[in-house]
Amino acid sequence: MYTFLTIIIIIVCVLLILAVLAQNSKGGGLASGFSGGSQVMGVRKTADFLEKATWYLAIGLVVLCIATNFSRPTKAGPEQTESAAEKKAKEMGAPNQQAPQAPTAPGGDNAAQPAGK
C-alpha cells in the first residue's frame, strides 16, 4: 500500500507541475496557445480548468501525503529499533567506550612536550 501511494504521489506531482506551467502568466503561458483556430475552448475556459485542476491536484497531494504517513510500514520488535550503524558496530565487535582523552596542541604530540626534552 505504501509503495502504491508513493507512486500515485509522484504522478500527482508531475500533473501538478504540468498544470502550473500551462497556466496563463504575465508572459502568456502555454494556455495562450489554445486561443487560435477553432476556439472550441476559449482561453478563459482553459484558464478556469487549469486553475481548478491545480487546486484539486494540490489538495489531493496533501491528502495522499497524509495517507502515506499513516500507511507506512511500522517497526516491530526490539531488533528493528537499532540503526544500521549500531548493527554493524555489534557485528564488528566494537570495543567499549573509553574515557575521552585530553586534546593535544596543534602540531601533534611534539608540540605538547616541553622544549628541553
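# Exercises on a predicted three-helix chain

Asn24 has a relative accessible area of 43%, and this residue is therefore partly exposed. The model used in these exercises is predicted.

**Exercise: the setting of Asn24**

Determine in which part of the chain Asn24 is placed, and state how far its C-alpha atom lies from that of Glu51.

Solution. Begin with the secondary structure: Asn24 sits in the loop between helix 1 and helix 2. Next, take the pair with Glu51, a residue 27 positions away along the chain. The two C-alpha atoms are 9.6 Å apart. A second pair, Leu50 and Gln23, is likewise separated by 27 residues in sequence, and its C-alpha atoms stand 6.3 Å from each other.

**Exercise: the overall fold**

State how many helices and strands the chain has, and what share of its residues is buried.

Solution. First, count the elements: the chain has three helices and zero strands. Read from the N terminus, their order is α-α-α. Second, consider burial: the chain has 117 residues, and 15% of them count as buried. Third, consider the surface: the accessible area of the chain is about 9800 Å², and carbon and sulfur atoms supply 64% of that area. Finally, turn to the contacts with a sequence separation of 6 or more: 64% of them link residues that are 24 or more positions apart.

**Exercise: two positions in the first half of helix 2**

Classify Leu50 as buried or exposed, do likewise for Thr54, and identify the polar partner of the Thr54 side chain.

Solution. Both residues are located first: Leu50 belongs to helix 2, and Thr54 is also part of helix 2, which spans residues 43-71. The cut-off for a buried residue is under 20% relative accessible area. Leu50 has 11%, so this residue is buried. Thr54 has 16% and is therefore buried as well. The next step is to list the neighbours of Thr54 beyond four places in sequence: Leu16, Ala19, Val20 and Gln23. With Gln23, the Thr54 side chain also forms a polar contact, side chain to side chain, at 2.5 Å.

**Exercise: Thr68**

Establish whether Thr68 is buried or exposed, and find which backbone oxygen its side chain approaches.

Solution. Thr68 is a residue of helix 2. Its relative accessibility is 9%, so Thr68 counts as buried. A polar atom of the Thr68 side chain is 2.7 Å from the backbone oxygen of Leu64. When neighbours within four places in sequence are set aside, the residues in contact with Thr68 are Tyr2, Leu5, Thr6 and Ile9.

**Exercise: the cysteines**

Find how many disulfides the structure contains, and explain the status of Cys13.

Solution. A search through the whole structure gives zero disulfides. For Cys13, the nearest cysteine sulfur is that of Cys65, at 6.8 Å, and Cys13 is in no disulfide. A disulfide would require the two sulfur atoms to be within 2.5 Å, so a separation of 6.8 Å does not qualify. From the other side, Cys65 has the sulfur of Cys13 as its nearest cysteine sulfur and is also in no disulfide. As to exposure, Cys13 has 29% relative accessibility and is therefore partly exposed, while Cys65, with a relative accessible area of 38%, is partly exposed too.

**Exercise: a patch and a helix**

Name the residues that make the nonpolar surface patch, and give the count of buried residues in helix 3.

Solution. The patch covers about 540 Å² and is made by Ile7, Ile10, Ile11, Val14, Leu15 and Leu18. One of these residues, Val14, lies in helix 1, which runs over residues 2-22. Val14 has 44% relative accessibility, so it is partly exposed. The spacing of such positions can be read against a general rule: an α-helix has 3.6 residues a turn, so residues three or four places apart point the same way.

Helix 3 is treated last. This helix takes in residues 84-92, and the count of buried residues among its nine is zero; it is hardly covered. Just after helix 3 comes Gly93, with a positive phi of about 70°.

Methods. Residues are numbered from 1 along each chain as its sequence is written. This is a predicted model: local features need pLDDT of at least 70, side-chain atom pairs count only at pLDDT 80 or more; totals for chains, interfaces and linings use all residues. Side-chain values use heavy atoms; hydrogens and water are left out. Helices (H or I, at least four residues) and strands (E, at least two) are DSSP runs, numbered from the N terminus. Buried means under 20% relative accessible area, exposed over 50%, partly exposed in between (1.4 Å probe, protein chains only). Contact means heavy atoms within 4.5 Å. Accessible areas come from the Shrake-Rupley method with a 1.4 Å probe; for residues, only the protein chains shown count as cover. Patches are made of residues with over 30% relative accessible area and no salt bridge: like charges are joined within 9 Å, nonpolar side chains (Val, Leu, Ile, Met, Phe, Trp, Tyr) within 5 Å. A salt bridge is a side-chain nitrogen of Lys or Arg within 4 Å of a carboxyl oxygen of Asp or Glu. A polar contact is a pair of N or O atoms within 3.5 Å; within protein, one must be able to donate a hydrogen and the other to accept it, and residues adjacent in sequence count only if both atoms are side-chain atoms.
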